[in-house]
Amino acid sequence: MAYKMGLRVLQDAESYSIREAAPDEVENLLKMFKKDMSAKWVDQHHNLPGKKVALVVIDKETNQPIGGIERVVDTENGIATGVGFAVLKDFRRRGIGTTMLKVMDEELKNMGVTCITTVPASKNAAKFLKENGYEYEEFIKMYLAATFRSDKLVYGFEWAGMKKYL
Ligand SMILES: CC(C)(COP(=O)(O)OP(=O)(O)OC[C@H]1O[C@@H](n2cnc3c(N)ncnc32)[C@H](O)[C@@H]1OP(=O)(O)O)[C@@H](O)C(=O)NCCC(=O)NCCS
């Protein structure tokens, strides 16, 4: 599972590596996302037209996947849409999620992507995305500013999409 010929390693840390996911690994990643995210959401977004870009995090001790991320890229418009993003519970809060987002951003930037859009799966995910450079869509920001409300009000709402410009 860990070593797959021809797939680029994009980050080589002490205890894990991040590399491109092989097409036959993507189903497993989708299952991982669905532990914390709506299965309907994941399937719908995975099936969007465009180029699928998926990365997997491999634990060096066990050679098993411990996290992953997938985006679908509309190459004509330079926009990527989030499908799923997760780190297994036992491996969270060690910086892996942050590194994985950065590595994916770099990969997308090299492909000519200028904007990533996604909808956070939970309040924690919204907070995490915000800390990693994502902002709410313009109409939500205007509503919050006009009503003097904190953005915590919209954390976790399905319509409250976030975006990041690269
Ligand atoms: C969101 C998610 C991917 C983050 O993964 P992660 O590997 O835990 O991310 P990080 O470790 O980079 O950061 C998470 C937190 O750990 C903290 N952290 C990072 N390294 C740390 C360390 N060495 N020691 C202690 N805390 C650390 C970060 O500051 C961050 O804290 P905060 O959220 O309180 O600000 C993970 O929680 C997850 O899989 N959640 C379920 C699925 C999900 O919601 N996906 C997002 C869909 S939009």
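Let's start with helix α3, where a quick length check works nicely: at 1.5 Å a residue, its 15 residues should span 21 Å, and the C-alpha atoms at its two ends are indeed 21 Å apart, so expectation and model agree. Keep in mind as you look around that this is a predicted model.

Which residues of α3 are buried? They are Ile96, Gly97, Met100, Leu101, Met104, Glu107 and Leu108. These residues cover an arc of only 130 degrees around the axis, which puts them on the same side of α3. The general geometry helps here: an α-helix has 3.6 residues a turn, so residues three or four places apart point the same way. Just after α3, you will meet glycine 112, which takes a positive phi of about 95 degrees.

Helix α3 also leads us to the ligand. The shell around the ligand holds 20 residues, and the closest are Asp36, Arg92, Gly97, Thr98 and Ala125. Three elements give two or more residues to this shell: β5 (79-87), α3 (96-110) and α4 (123-131). Of the elements, α4 gives the most, with four residues. In chemical character, the shell divides into nine nonpolar, five polar and six charged residues. Where does the ligand lie with respect to domain 1 and domain 2? Both domain 1 (1-117) and domain 2 (119-166) give residues to the shell, so the ligand lies between them.

Strand β5, one of the elements in that shell, is worth a stop of its own. Alanine 80 lies in this strand. Is alanine 80 buried or exposed? It has 29 C-beta neighbours inside 10 Å, and since 20 or more are enough for a residue to be called buried, alanine 80 counts as buried. For a sense of distance, compare it with asparagine 47: the two residues are 33 apart in sequence, and their C-alpha atoms are 13 Å apart in space.

Finally, let's follow the strands from the beginning of the chain. Strand β1 (residues 9-12) pairs with strand β2 (residues 16-20) in the antiparallel sense, over three bridges. A hairpin of three residues joins β1 to β2. If you want one contact to look at, take glutamine 11, whose bridge partner in β2 is isoleucine 18. Strand β2 also runs antiparallel to strand β3 (residues 51-59), and five bridges join these two. Here you can look at arginine 19, whose bridge partner in β3 is valine 56. Strand β2 thus has bridges to β1 and to β3.

Note on methods:
Residues are numbered from 1 along each chain as its sequence is written. This is a predicted model: local features need pLDDT of at least 70, side-chain atom pairs count only at pLDDT 80 or more; totals for chains, interfaces and linings use all residues. A residue is near a molecule or strand if its C-beta atom, placed from the backbone, lies within 6 Å of it. Ala, Val, Leu, Ile, Met, Phe, Trp, Tyr, Cys and Pro count as nonpolar, Asp, Glu, Lys and Arg as charged, and the others, Gly among them, as polar. Domain bounds come from an automatic or database domain assignment. Two strands pair if DSSP finds at least two bridges between them. The expected span of a helix is 1.5 Å times one less than its number of residues. A residue is buried if 20 or more other C-beta atoms lie within 10 Å of its own, exposed if 12 or fewer, and partly exposed in between; C-beta atoms are placed from the backbone. The arc is that of the directions from the helix axis to the C-beta atoms.
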